[in-house]
Amino acid sequence: MEKLVIEGGAKLQGRVRISGSKNASLPVLMAAIMADSDVILENVPRLKDIHTTLNLLTLLGCRSGFQEDGVRISSGNLVPEAPYDLVRTMRASVLCLGPLLARLGRAKVALPGGCAIGSRPVDQHLRALEQMGAVFELDSGYIVGKCKGLQGARIIFDLPTVGGTENLLMAACLARGETVLENAAREPEIVDLANFLNACGARISGQGTSVLRIIGVDSLRGCRYRLMSDRIEAGTYMVAAAISGGCLELTSCPVNALDAVMAKLREMGVNFNIENSSVRVEASESLNGVDVVTLPYPGFPTDMQAQIMALMCVAQGTGTIRETIFENRFMHALELNRMGARIRLSGQQAVIRGGADLVGAPVMASDLRASAGLVLAGLRARGKTEVHRIYHLDRGYEAMEQKLKAVGAKITRQKE
Ligand code: UD1
C-alpha cells in the first residue's frame, strides 16, 4: 500500500492541464460494446477505474487498450457475464447491463454491494429495464437478465439517477420503437454519452434535459470520439489554488459544466478569470464560509462536497453543508477534525466553524473524493500530513501528485 506525504504551506503557482473525464469515460467505454465496428476514444484518462473497465471489456470478449491516438475497442464475440471480483472493485461495472441486454438479450452481472458512501441500490436500473421487457432473477449474488429484444417504453425514474439514466439510454438505442426517459439525470457526462451514441448512429434527443427521447435503431457503428474533460478534477484544483493561497491556471477546463461549483467558490471569495477553456483561479485575501446543498446537476455536485468542506475549514465564519445524494458521505469530516478542523455533524448536515489553523496529521481516506479533500487540507496544514489508502485517489485522479508537484506542492508518494 502507498501513502501521500504532504509538507503543507506552499502557495501553488502555475498551470494544470485537466484530464479527460472519468465519469464520462466509464459509460462510453461500456457503450462501445454495442458498436459493430471499432471505436476510438480520445482523452480517456489513465486511471485505475479505466484499467478496471478495460479488464471488464476483455472478460466480456472485447479487445481494447490504450494506443497512441486513444483507446481502441473492438467488440468481437461478446460474453454476457461481469464477475463479482471485478464488480466489487468498481460499482460502475453495472453499466454493462443495459448494453449487454440490448446487444445479446442476456446478461449476468454481479450485484454491487454497499460502498463507503452509502447503500447505492440499482433498483431504478432494473425496474426500468423490466418496463422494456427484460426479466431478472437473482442467482448467487448475480443479477441474471433476459429479454427477447428490448421494447421501447415510457419510463419515469423515481429520482434522477446518473447510472440508471446511462444504463437505460444505452439499452434504448437498440430497442424496438421509441423510449422516453422522464425525470432523467442531466449531468454533463450523460450529454457526452448521448453525443457519443449519436455519433455511432443512435437517435437520441433531449440530452441535458430531464426528458430524453430515444428512437431505437437496428445497429450502431464505431466512431472516433473525444471525451469531455473532468469537471470534478477541475473543481478540485480550483480548491487547491484557493486553499493554498496561490494562483493556478487550469487548461482544458470544462467551464460550462462548473457553474454551481464556481458560483459557490465565488461566494466564498475565490476569483476566476476565464478565457475559453482556460481558467485562472486565485483566492482573495480572506475567504468566508457559505451554505452548500448537494443536488443532482445542475446543483452543487456531491463529488465536490469533501473538497469545499476542506476549504470552509480555513475560511472565516461558519458554513454549512447538507448532503442530499448519499447518506454516509461525511467520513472525511472526522479526519479533518483530526487536523484541527471544527466540524459538527448532525445527520446529513455538517456545520463547519471556520478559521481553523490546520495542523498536519496521519489521516485515512475512505473514498475517492474524501481522499481529495484530505490532500487539499494537507496542502494548507502546518507540518506533515500523511494520507493513507490512496488507492482511492488513483481510481479517479490522473497523476495527482505529479500535477501538484509541478505547481509547487511538497508532496511525495511513499510505500507504507
Ligand atoms: C454517479 C457518479 C458518482 C456521483 C453520483 C452522483 C459515475 C461512475 N459515478 O454515481 O461519482 O457521486 O453519480 O452524482 O458516474 N439510487 C437509487 N436507486 C438506483 C440508483 C440510484 O436509490 O437504482 C440512489 C443512490 O443510492 C443515490 C442517488 O440515487 O442516493 C444518486 O445515485 P446515482 O445518481 O445513481 O449515482 P451513481 O450513478 O452511482
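In this predicted model, a backbone N or O atom of Val162 lies 2.7 Å from an oxygen atom of the ligand, and a backbone N or O atom of Gly163 is placed 2.8 Å from an oxygen atom of the ligand. A side chain also takes part: an N or O atom in the side chain of Asp123 sits 2.7 Å from a nitrogen atom of the ligand. The three polar contacts are set out below.

| Residue | Protein atom | Ligand atom | Distance |
|---|---|---|---|
| Asp123 | side-chain N or O | nitrogen | 2.7 Å |
| Val162 | backbone N or O | oxygen | 2.7 Å |
| Gly163 | backbone N or O | oxygen | 2.8 Å |

The surroundings of the ligand comprise 17 residues, of which the closest are Asp123, Gln124, Thr161, Asp303 and Ile325. Asp123 thus belongs to the closest residues and also provides a side-chain contact to a ligand nitrogen.

Turning to empty space in the protein, the second largest pocket holds about 280 Å³. Its lining is formed by 16 residues, and those closest to the centre of the pocket are Ala242, Gly245, Ser284, Glu285 and Arg380. Two helices, α8 (231-244) and α12 (368-380), each supply at least two residues of this lining, and α8 gives the largest share, with 3 residues. Sorted by class, the lining of the second largest pocket contains 7 nonpolar, 6 polar and 3 charged residues.

Helix α8 is also a landmark for Ser229, a residue of the loop between β14 (224-226) and α8. Ser229 has a relative accessibility of 12% and therefore counts as buried, since the limit for that class is under 20%. From this position, the side chain of Ser229 reaches the backbone oxygen of Ser252 at a distance of 2.8 Å.

The cysteines remain to be considered, and the structure holds 0 disulfides. Why do Cys200 and Cys223 not form a bond? The sulfur of Cys200 has its closest cysteine sulfur in Cys223, at 3.7 Å, which is too far for a bond because a disulfide requires the two sulfur atoms to be within 2.5 Å. For Cys96, the closest cysteine sulfur is that of Cys62, and the separation of 10 Å is likewise too far for a bond. Cys96 is buried, at 0% relative accessibility, and Cys200 is buried as well, with a relative accessible area of 1%.

Definitions and conventions:
Residues are numbered from 1 along each chain as its sequence is written. This is a predicted model: local features need pLDDT of at least 70, side-chain atom pairs count only at pLDDT 80 or more; totals for chains, interfaces and linings use all residues. Side-chain values use heavy atoms; hydrogens and water are left out. Buried means under 20% relative accessible area, exposed over 50%, partly exposed in between (1.4 Å probe, protein chains only). On a 1 Å grid over the protein atoms alone, a cavity is a set of points where a 1.4 Å probe fits but cannot get out, and a pocket is an open set with protein on both sides within 12 Å along at least five of seven lines; lining residues have an atom within 4 Å of a point. Grid points are joined across faces, edges and corners, and a volume is the space filled by probe spheres set on the points. Helices (H or I, at least four residues) and strands (E, at least two) are DSSP runs, numbered from the N terminus. Ala, Val, Leu, Ile, Met, Phe, Trp, Tyr, Cys and Pro count as nonpolar, Asp, Glu, Lys and Arg as charged, and the others, Gly among them, as polar. A residue is near a molecule or strand if one of its heavy atoms lies within 4 Å of it. A polar contact is a pair of N or O atoms within 3.5 Å; within protein, one must be able to donate a hydrogen and the other to accept it, and residues adjacent in sequence count only if both atoms are side-chain atoms.
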